[in-house]
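User: I'd like to practise reading a model feature by feature. Could you walk me through this one?

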Amino acid sequence: MVDPRVYDAMTKSVVGCMDPFFFEMLDQIRPMLRRAFGTQNEITLAVSGTGSAGMETAVANFVEPGSKFGVFANGFFAERLAEMGRRQGAVVVRLEKPWGEVFSEEEAAGFVRGEKPDVVAFVHAETSTGALQDPHAITRAARETGALVIADTVTSLGAIPVAMDETGIDIAYSCSQKGLSCPPGLAPLSASPRAMERLQARKSPMHEWYLDLRLLAEYYDGRKYHHTASASLFYALHEGLRVIDEEGLGNRFDRHWRSHRALVKGIEGLGLCMHVAEGHRIPNVNVVRVPDGVSDIEVRKHLRDKYGIDILGGLGVLAGKVFRIGLMGPLANDDCVRMFLDAFGDALRAASQ
Ligand SMILES: Cc1ncc(COP(=O)(O)O)c(C=O)c1O
């Protein structure tokens, strides 16, 4: 759900992408983004495009052709990371786990020691499965061999702590439409000084011009025209981040966890099971197993037609097997949880008849 204040902000007059007012706004956005990412990284900005543009910026800049790219593959978006690495001409090596499970530090260390990838990537909050990966398990292993760590924080930023500097993530990217409660269209991204040093030393030229981080940094820091960034989307991001700052990140994280716990209790009360083991779940995307004999399509249709509530089904190997229930931003509150559980119970009953 887009925060109502964000809608209001988007109605402001559109200024040009080189307007001093626009740059002033960017200067205010960057510290707020740093707080959300939990970092002091100078290179913290928003790429024009959705979360996938953030992913492609991370992979295209830091994964060179011929280099070794290690992917922790336990879900749909990890597969997308691997595919982007393959398209960059990297040698992609994978450590696999069933969808819904996460990697332990021992597993990550074994993989990284054995393969010695130049860069590794993992999905912090895997939206396709509902699993939350502990970043430390991967960053500690990667530090041993000097691999750079890319983290997909598309679903975590603004809803769950990313704590880049504390966890040792080198590059994190996200989106505007999930934990930040804005419309889609911008991809916040942050890169550590270590990552930027590696980028400066890059041997092969970057194929992508639009996503070239060094050029983007010249736009942000050097005020040098790069592309016509959308003022309206940046107004939205600016306001979305102000809303978060006013609530306080800690309060916002707690609110997501409280709603998650209430939802899980209700889901279990309806006799359904969560897909991911307790302790490894994302609070803001709740993945629930579809009970035997129930059509997920029927349930979702009932919810949409009768209540105007949109939940998602499973992707890839989980298609037809799970429901994915988003509970983030303004929706993460007791009233919404109660309203949803009533509607969900009704939809399950209707689909079982
Ligand atoms: C974990 C994750 N990574 C990447 C993406 C891609 O983001 P977008 O659809 O905004 O391009 C998504 C989208 O849901 C996602 O959940």
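Analyst: Happily; we will go through sheets, a helix, the ligand shell and a few single residues. Keep in mind that this is a predicted model.

User: Let's begin with the sheets. In what order do the seven strands of the open sheet run?

Analyst: A general idea to start with: strands of a sheet pair through backbone hydrogen bonds, either parallel or antiparallel. Here the seven strands follow the order S1-S9-S8-S7-S4-S2-S3, and the pairing is mixed. S1 and S3 (91-96) are the edge strands; each has a single partner, so one side of each is left without a neighbour in the sheet. From one strand to the next, the twist averages 20 degrees.

User: Which sense of pairing do S7 and S8 show?

Analyst: S7 (residues 148-152) and S8 (residues 171-173) are parallel, paired over three bridges. To find the register, look at Asp152, whose bridge partner in S8 is Tyr173. Helix H4 (residues 76-87) packs on this sheet, where it touches S2 (68-73), S3, S4 (119-123) and S7. The direction of H4 makes about 165 degrees with that of S2.

User: And what is the strand order in the open sheet of three strands?

Analyst: That order is S10-S12-S11, with antiparallel pairing. S10 (285-289) and S11 (312-313) stand at the edges with a single partner strand each, so one side of each has no neighbour in the sheet. S11 and S12 (residues 322-326) are joined by two bridges, and Gly313 stands opposite Phe323 in S12.

User: Now a helix. Which residues of H9 are buried?

Analyst: For a helix, ask which residues are buried and then where they sit around the axis. In H9 (residues 213-222), the buried ones are Leu213, Leu216 and Tyr220. They lie on the same side of H9, because they cover an arc of only 60 degrees around its axis. The buried residues pack against helices H2 (20-37), H3 (51-62) and H8 (193-200), as well as strands S1 (43-48) and S9 (186-191).

User: Just after H9, what is the phi of Arg223?

Analyst: Arg223 takes a positive phi of about 55 degrees, although it is not a glycine. Arg223 lies in the loop between H9 and H10 (231-247), and it counts as exposed because it has 12 C-beta neighbours inside 10 Å. A second case is Ala163, also not a glycine, with a positive phi of about 45 degrees. Its place is the loop between S7 and H7 (164-167); with 15 other C-beta atoms within 10 Å, Ala163 is partly exposed.

User: How should I read the ligand's surroundings: which residues are there?

Analyst: List the shell, then sort it by element and by class. The ligand is surrounded by Thr50, Gly51, Ser52, Met55, Phe77, Val123, Thr127, Asp152, Val154, Thr155, Cys175 and Pro184. H3 provides the largest share of this shell, three residues. By class, the shell has six nonpolar, five polar and one charged residues. Asp152 is a residue you have met already, as the bridge partner of Tyr173.

User: One last residue: is Leu303 buried or exposed?

Analyst: Leu303, in helix H12 (residues 296-307), is buried, because 23 other C-beta atoms lie within 10 Å and the cut-off for burial is 20 or more. Leaving aside neighbours within four places in sequence, Leu303 is in contact with Ile309, Ile311, Ala343, Phe344 and Ala347. For a sense of scale, the C-alpha atoms of Leu303 and Met164 are separated by 37 Å, and the two residues are 139 residues apart along the chain.

Methods
Residues are numbered from 1 along each chain as its sequence is written. This is a predicted model: local features need pLDDT of at least 70, side-chain atom pairs count only at pLDDT 80 or more; totals for chains, interfaces and linings use all residues. Helices (H or I, at least four residues) and strands (E, at least two) are DSSP runs, numbered from the N terminus. The arc is that of the directions from the helix axis to the C-beta atoms. Two residues are in contact if their C-beta atoms, placed from the backbone, lie within 7 Å. A residue is near a molecule or strand if its C-beta atom, placed from the backbone, lies within 6 Å of it. Ala, Val, Leu, Ile, Met, Phe, Trp, Tyr, Cys and Pro count as nonpolar, Asp, Glu, Lys and Arg as charged, and the others, Gly among them, as polar. Two strands pair if DSSP finds at least two bridges between them. Axes are lines fitted to C-alpha atoms, for helices over the stretch in contact, and angles run from 0 to 180 degrees between N-to-C directions.
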